[in-house]
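Work through the exercises below with the sequence and the model side by side, and try each task before reading its solution.

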Amino acid sequence: MDIFLQLLVSGIAVGGIYALIALGFVLIYKATSIINFATGEFMMIGAYIFYSAAVLAGWPPVPAFLVVLGGAALLGMVVEFAILRHMLGQPTISIVMVTIGLSSILTGLAEIIWSSDFKSFPPLFPRAPIIIGEVVIRSNLFWGFVVAMAVVVVFALFFKYSKFGVAMRATAGDQLASYSMGIDVRVMFSVAWAFGAVAAALGGLIIGNIGGIQPNLGHIGLKIFPVVILGGLDSIGGAVLGGFIVGVVENFAGGYLDPYVGGGVKDVAPFVILVLILLVRPYGLFGREEIERL
Amino acid sequence: MSILAVEDLSLSFGGLQVLQEVSFSVAPGEIFAIIGPNGAGKTSILNCLGGFYRQDRGRIIFDGQDISTLTPDRRAALGLARTFQNIALFRGMTVLDNIKLGAHHRLRSGLLAAALYWGRAHREEMALRREIEDEVIDFLEIESIRKQPVGALAYGLQKRVELARALAMRPKVLLMDEPVAGMNAEETEDMARFILDIQEEREITIIIIEHDLHMIMDISDRIMVLNFGRRIAEGRPDEVRRHPEVIKAYIGEQKGG
């Protein structure tokens, strides 16, 4: 029973962080219908920006955090403006290839700028583990979860209530109609990329704080595909729930099955979910079911 | 003085000439209809007016300003509203949210205030809501459905919600692309009545594209007839009805005439 609770709670904590990174994917997909395979690399760049500000420049955590927000937003907007805006109307496969290429470019850039050596952050949170009842959680994981959830809630409120958020939802719903409501759809695309990059970068900051950073940190970003396929590519709520489910399932798989097969189940479990969900419910738990009228 | 003037508008897609030097002008408060057989270029004109197509040649003057090169959102902000032939509502949202989006460009609170949903943004929202309730929802008789998601509504009602959203923009000119297409007789009659009421009470100029000639003849002040991208006739309904070119376009030439 101890093990069960322990695995459940740390699975939820990891899942919350997955949810934040998945949000970075969903925000972009929802507004622009682009599947961004560079989400993981946005995450990695976010972590490196923080490293540069906090370690190389020696700034305190709060200003360094603000630099991550600004830098990630800028990165998202530049990518949209310089590359994806020109891909408008191209087949999905071309756009997917562009984002895959972008992910390699970003990884390469990170190696050039920061080298491929392992780096770590100065401690951001109190070191003492958090103890809830009989469950012990590492402090970095606990605080990472808290920050991730706070960011997700801020994004969700923003989308629900702000003028800008409503305009973005409208753009996601129908671009023609949005244009004729006086909404500048190009600005919305730009903002969606900025937000998506910020959410991913903050996820990277949290993950980097837990396990350190390397240019291939972005590989963790592949795990968001099970998350968003499960939750529905265009659903914020789905991304959150999907994040929790994937986090918990992989933790259980790792805790209960790894000892019998000699490890590795934890990394495979999310993708088993991916395949199952595609077979059973291809549009995810909360995704929009595309209905074609013939 | 016209509220909207189109001068020598030409548009082609590749080798296909869609519009050829079409000119017309619409007086303030008028109901101006554009009719013509399928493929005559009616919807292309609306798309040029709305800014979705960029004309090859010609100018569009709206309210004294040349809008020929403005983006669709700028034109909407200047007071050019539109309804679509294939309903373009925001499907996941309620009727009320859809209509509120029509007033979107009139909300002034900046990004920060809006993000925090604070003070002015909140007051603006409340005032807007009252205005929409009084001037749009009551007017179009959709009180009972305002909390419903638009996807669940009957076709005729969806068309009405789209009109409500356009009215919430407080436009100077309303472009309507086949407002009664696919409607039954009763729904058509309702829509015709609303269009006349809008003209009478709102001082909104209305430009309609339509296949339903009966309704158009009944409610329009002036009608322009297009065929193969050219203007073949223009005038009052009774004039257009008798125009030989129009009869030829719609019914065909009499054999051995």
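A residue counts as buried under 20% relative accessible area, as exposed over 50%, and as partly exposed in between, with a 1.4 Å probe and protein chains only. This is a predicted model, in which local features need pLDDT of at least 70 and side-chain atom pairs count only at pLDDT 80 or more, while totals for chains, interfaces and linings use all residues. Residues are numbered from 1 along each chain as its sequence is written, chains are lettered from A in the order in which they are written, and side-chain values use heavy atoms, with hydrogens and water left out.

**Exercise 1.** Describe the build of chain B, beginning with its burial.

Solution. Start with the 257 residues of chain B, of which 53% count as buried. Next, take the secondary structure, where helices (H or I, at least four residues) and strands (E, at least two) are DSSP runs numbered from the N terminus; chain B has ten helices and ten strands. The radius of gyration of chain B is 19 Å, close to the 18 Å of the globule rule for 257 residues, so chain B is as compact as a globular protein of that length. Here the radius is taken over C-alpha atoms, and the rule is 2.2 Å times the number of residues to the power 0.38. Finally, count contacts (heavy atoms within 4.5 Å): among those in chain B between residues at least 6 apart in sequence, 66% join residues at least 24 apart.

**Exercise 2.** Test the length of helix α1 (residues 2–32) of chain A against its expected span, and determine how far the helix is enclosed.

Solution. The expected span is 1.5 Å times one less than the number of residues. For the 31 residues of α1(A) this gives 45 Å, and the end C-alpha atoms are 45 Å apart, which agrees. For the second part, 22 of the 31 residues are buried, so α1(A) is largely enclosed by the rest of the structure. After the helix comes A:S33, whose phi is positive, near 60°.

**Exercise 3.** Where do B:E21 and B:F228 lie, and are they buried or exposed?

Solution. Locate B:E21 in strand β2 (residues 16–26) of chain B; its phi is near 45°, a positive value in a residue other than glycine, and B:E21 is exposed, with a relative accessible area of 54%. Then turn to B:F228, which lies in the loop between β9 (222–227) and β10 (230–235) of chain B. Phi of B:F228 is near 45°, again positive in a residue other than glycine, and B:F228 is exposed at a relative accessible area of 65%.
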